[in-house]
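Got your viewer open? Let's take a walk through this one together, one selection at a time.

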Amino acid sequence: MKMWVRLFCLLAVFAALPSAVSAQVVVSEIMYDAPGTEGSGDHDWIEIFNAGPSDVDVGAYRFFEANTNHTLKSDQGSAILPVGGYAVVANIPVTFKVDWPSYTGAIFDSSFNLNSTGELIGIRTGDLADTDAPFTYAPQYAATNNGSSLHRTSVSGSIFSAAAATPGSGSLTASAGSNSNATSSSSSSQTSTTTQTTTTTTAVSAPVSSYVSPPEIQIFADGGDDRTVIVGADTEFYGRAYNRDKEELARVRFSWNFGDGSTAEGITALHHFDYPGRYAVVLNIAEHRSAASDVIVVEAEPAQLTFGIGADGSVSIGNEAGRDLDLSRWVVRSFGREFILPEHSIILKGAVTHIMQKTLGFPAGLQTELAYPNGAVALRAGEDTSKTTAPAGVAPVAPSVVIPPPVIPTRAVSFNAPPTLPEENTEEQTTEEAASPQVAASAALVGGSWGWWLGAFGLAFAGSGVAFAARRFGKREWNIIEESPK
């Protein structure tokens, strides 16, 4: 009796063996050298395919790589791999999902780093039995750092060819004993019988769409918010690049187009607009084969400021723009000395900011200027922007003023008769009459304070000389020396 029981158990084991052996899970696709990864392995993955006649629980399977049996941990979807079904084994599932956001199939987490020069890989069961005999993929298949992956050409062989990556799909078919192939076998039999049967089989086959959905955006660009800037003042533009998980990206190329013919490269850029107007500033980013852009609107308007000096050597800057203004890095300068306004120097709408002499480091005077960050003069002491209409960087042209020469009263002088003696205070009146028009003319002709004072002193000195000469001539105090003949 015991012998019969043992025989029955042995037969049961042999009956179960064909199912276990025929449940072949094979490597169907290999992504071993993604573009730009430089051998890091973060983007490495393989695809497995169930070519057997029944569903398989691959949660206990192993991925064999270079003498190491890596475990598989279900990360997405079911651990049951159906007949004719595909699943992905990823080194880093999070990275794979970012690279392939439209993939919705099963994902298994493992830990490996595929060698770009080729190595021995395979699939094993939980008890380390080979379900896909180990084989070596080679770089001569031409899927190195070009975005392609290796695709298995048949279940029975280990030949691969390079093509565009298609995780979760492929051209492999399950064994003839599976349900999916039973329909194919029946259809083939009916096709060989009559033409009518062939037509019916074609109608039953599911239509295959040729439409390929566009890839989802993988990277995003952010050039900042729309803003209003001052004409002629440098503005800092800062760009950001991130992925679908809002993670900042490194090694990304940034390029700017400021809409006025100017461009720049880099994550940050300084730019000023020479003329008022609205500009579309475009930030373009590129990472490997992915690219994105962002557009911000910048409105450049003339500075609406007042600039004055105080008796104590201070300066005052008034904001008449109707909104808060940021005058960071603007310059107050006088006679070669400069004071640069620090970052975030904001003047509120309608307010006036006073900067004391001790803060400036020098006394402000009539020659003190307020300049843009790029060094161009914005205002001079005592001016406001209503007096200047030229754009920043272009010096306003002063209107030409023709001032007639001063008229100085004189008296006729006869060399035949001595001149009439003036009254007691005539010389003083003559001096004042001569000096006053000249000083007034000098004040109108010379715009700067130093020029005005120099002109005034010069004319006063000349008037004193005329008065002195008149006095000596009136008193006849000239010394005349006659030469005697030799």
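Which element of the protein has the lowest mean pLDDT, and which has the highest? Colour by pLDDT and select residues 179-191: that's helix 3, which has the lowest mean pLDDT among the elements, at 37. Now jump to residues 86-90, where strand 8 has the highest, at 95. Keep those colours on, since this is a predicted model. For the protein as a whole, the mean pLDDT is 74, and 63% of the residues reach 70 or more.

While the colours are up, pick residues 10-22. The pLDDT stays under 50 along this stretch, and the model gives it 3 contacts beyond four places in sequence. Then try residues 477-482, where the pLDDT is also below 50. That stretch has 4 contacts in the model beyond near neighbours in sequence.

**Next stop: a sheet**

Select strand 5 (68-71) and strand 11 (130-136). They belong to an open sheet of 4 strands, paired antiparallel in the order 5-4-10-11. Both of your selected strands stand at the edges with a single partner strand each, so one side of each has no neighbour in the sheet. Look at how the strands cross: on average, neighbours in this sheet are turned by 20° against each other, ignoring direction.

Now add strand 10, residues 120-124, which runs antiparallel to strand 11 and is joined to it by 4 bridges. Show Ile121 as sticks and look across to strand 11: what stands opposite Ile121 there? It's Phe135.

**Another sheet**

Move along to strand 27 (337-340) and strand 31 (377-380). This open sheet has 4 strands in the order 27-26-30-31, with antiparallel pairing. Strands 27 and 31 are its edges; each has a single partner strand, so one side of each is left without a neighbour in the sheet. Here neighbouring strands are turned by 25° against each other on average, again ignoring direction.

For a look inside this sheet, select strand 26 (residues 331-334) and strand 30 (residues 369-371), which run antiparallel and are joined by 3 bridges. Click on Arg333, then find its bridge partner in strand 30, Glu369.

**Last stop: a cavity**

How many cavities of 30 Å³ or more does the structure hold? There is 1, and the largest cavity has about 40 Å³ of space in it. To see what lines the largest cavity, select Asp42, His43, Asp44, Trp45, Ala90, Ile92, Thr95, Phe96, Asp99 and Trp100. Colour them by class and you'll get 5 nonpolar, 2 polar and 3 charged residues. Finish by showing helix 2 (residues 93-99) as a ribbon: this helix gives the most to the lining, with 3 residues.

Definitions and conventions: Residues numbered from 1 in each chain as written. Predicted model: local features only at pLDDT ≥ 70, side-chain atom pairs only at ≥ 80, totals over all residues. Heavy atoms only, no water. 1 Å grid on protein atoms, 1.4 Å probe; cavity = no way out; pocket = protein on both sides within 12 Å on 5 of 7 lines; lining within 4 Å. Points joined across faces, edges and corners; volume = space filled by probe spheres on them. Helix = DSSP H or I, 4+ residues; strand = E, 2+ residues; numbered from the N terminus. Nonpolar A, V, L, I, M, F, W, Y, C, P; charged D, E, K, R; others polar. Pairing = 2+ DSSP bridges. Axes fitted to C-alpha atoms, helices over the stretch in contact; angles between N-to-C directions. pLDDT = per-residue confidence, 0-100. Contact = heavy atoms within 4.5 Å.
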